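Here is a note for a colleague who is meeting this structure for the first time. The points below are meant to be read beside the sequence and the 3D view.

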Amino acid sequence: PERGFFVPEVNVNQVKYSRAFTLTTNIPDYHLPRILLVFSHRNVGEWAEAEPLVSELERRRDELSPYESYRVDQLIAIANGDLEGAYIAAHQASSISPEFGPVMDGAVYAIALNRPQEAIEAMQTIDTSRVLIGWTQYWELLTAARHMLGEHDEELNVALKARAQYPDSLGVIYAESRARAA
């Protein structure tokens with residue numbers, strides 16, 4: 001099957017989220033582990049595994065917090081190919097809880113919708129020293145947004161900063177090469 005964007009560590013996350021889901025099934029009105037499990041399946045293209053979980057979340061919509069509801073809206077929009085809807089839902093979720101997941105998701109959708117400046121603005125709210133250890137996609141996406149805007153000097157600066165942290169990452173090496181070629 002087609003693999004998603006966030007492939008590293010997803011299997012580990014699926015184990016963690018499955019365990020959290022199992023431990024919290026008897027806690028009413030707490031659905032975040034199930035939502036995160038759906039995202040972990042989605043991120044590696046496992047839509048068949050995600051679909052029954054999404055259906056269950058839709059059936060229990062009245063139990064979801066506003067944050068959880070926006071995250072489910074995001075999942076449904078993506079499943080339907082609605083990037084604008086997914087972008088809006090991710091933005092709404094990050095306005096409630098400006099955590100890494102919905103902020104990065106919104107940035108990914110902004111890039112796909114040709115809104116690189118919005119992606120940059122969202123990504124600049126993330127504390128890269130705390131949340132992104134070992135996760136190079138942040139830097140790859142940020143350099144792509146700078147590239148789309150024609151800001152090649154800044155693109156190269158970001159790529160070099162990423163390369164200092166992740167010298168062996170092929171994605172980061174590519175980002176640096178693209179910046180140098182521009």
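**Notes on packing and rings**

1. Tyrosine 109 is a useful place to begin: leaving aside residues up to four places away in sequence, tyrosine 109 touches Arg42, Gln74, Ile78, Leu83, Ala86, Tyr87 and Ala90. The model is a predicted one, and the contacts and distances in this note should be read with that in mind.

2. As for the overall architecture, the protein chain contains eleven helices and zero strands, and along the sequence the pattern reads α-α-α-α-α-α-α-α-α-α-α. Of the 182 residues in the protein chain, 43% are buried. Among contacts with a separation of 6 or more, 54% come from residues 24 or more positions apart. The accessible surface of the protein chain is about 9,500 Å², and carbon and sulfur atoms account for 53% of that surface.

3. In soluble globular proteins, nonpolar side chains tend to be buried together. Here the largest nonpolar core has 25 residues, and those with the most contacts inside this core are Met104, Tyr109, Met123, Tyr138, Trp139, Leu141 and Leu142. At least two residues of this core are supplied by each of helix H4 (66-79), helix H5 (83-96), H6, helix H7 (116-123), H9 and helix H10 (152-165), while H6 gives the most, with six residues. A second core, separate from this one, has twelve residues, including Leu37, Leu64, Leu75 and Ile76.

4. Helix H5 has 14 residues and reaches 20 Å from its first C-alpha to its last, which is close to the 20 Å expected at 1.5 Å a residue. In H5, the residues Ala86, Tyr87, Ala89, Ala90, Ala93 and Ser94 are buried, and the buried residues of this helix pack against H4, H6 and H7. Three residues of H5, namely Ala86, Tyr87 and Ala90, are also among the residues that tyrosine 109 touches.

5. Which residues of H9 are buried? In H9, they are Gln137, Tyr138, Trp139, Leu141, Leu142, Thr143, Ala144, Ala145 and Arg146. Because nine of the twelve residues of H9 are buried, this helix is largely enclosed by the rest of the structure. H9 reaches 16 Å from its first C-alpha to its last, close to the 16 Å expected at 1.5 Å a residue. H9 is followed by glycine 150, whose phi is positive, near 75°.

6. How many aromatic pairs does the structure hold? The structure holds two. In one of them, the rings of phenylalanine 100 and tryptophan 135 have centres 5.1 Å apart and planes at 85°, so this pair is edge-to-face, a description that applies to planes over 60 degrees apart. This pair links distant parts of the chain, since phenylalanine 100 is in helix H6 (residues 100-112) and tryptophan 135 is in the loop between helix H8 (128-131) and helix H9 (137-148), 35 residues apart. Phenylalanine 100 has 21% relative accessibility and so counts as partly exposed, whereas tryptophan 135, at 14% relative accessibility, counts as buried. In the other pair, the rings of tyrosine 138 and tryptophan 139 have centres 4.9 Å apart and planes at 85°, so this pair is edge-to-face as well. Tyrosine 138 and tryptophan 139 are both buried.

7. Two arginines deserve a look beside the aromatic rings. The charged end of arginine 71 sits over the ring of phenylalanine 39, at 4.3 Å from the ring centre. The charged end of arginine 115 sits over the ring of tyrosine 87, at 5.0 Å from the ring centre.

8. Alanine 175 is placed in helix H11 (residues 170-181) and, at 3% relative accessibility, counts as buried. Not counting residues up to four places away in sequence, alanine 175 touches Thr143, Glu155 and Ala159. The C-alpha atoms of alanine 175 and glutamate 155 are separated by 8.2 Å, although these residues are 20 residues apart along the chain.

9. Is asparagine 114 buried or exposed? At 58% relative accessibility, asparagine 114 counts as exposed, and its place is in the loop between H6 and H7. Phi of asparagine 114 is near 60°, which is a positive value in a residue other than glycine.

Definitions and conventions. Residues numbered from 1 in each chain as written. Predicted model: local features only at pLDDT ≥ 70, side-chain atom pairs only at ≥ 80, totals over all residues. Heavy atoms only, no water. Phe/Tyr/Trp six-rings, centres within 6.5 Å; stacked < 30°, edge-to-face > 60°. Helix = DSSP H or I, 4+ residues; strand = E, 2+ residues; numbered from the N terminus. Buried < 20%, exposed > 50% of the residue type's maximum accessible area, 1.4 Å probe, protein only. Lys NZ or Arg CZ within 6 Å of the ring centre and 35° of its normal. Core = buried A, V, L, I, M, F, W, Y, C linked by side-chain atoms within 4.5 Å. Contact = heavy atoms within 4.5 Å. Expected span 1.5 Å × (residues − 1). Areas by Shrake-Rupley, 256 points an atom, 1.4 Å probe, with all protein chains shown as cover.
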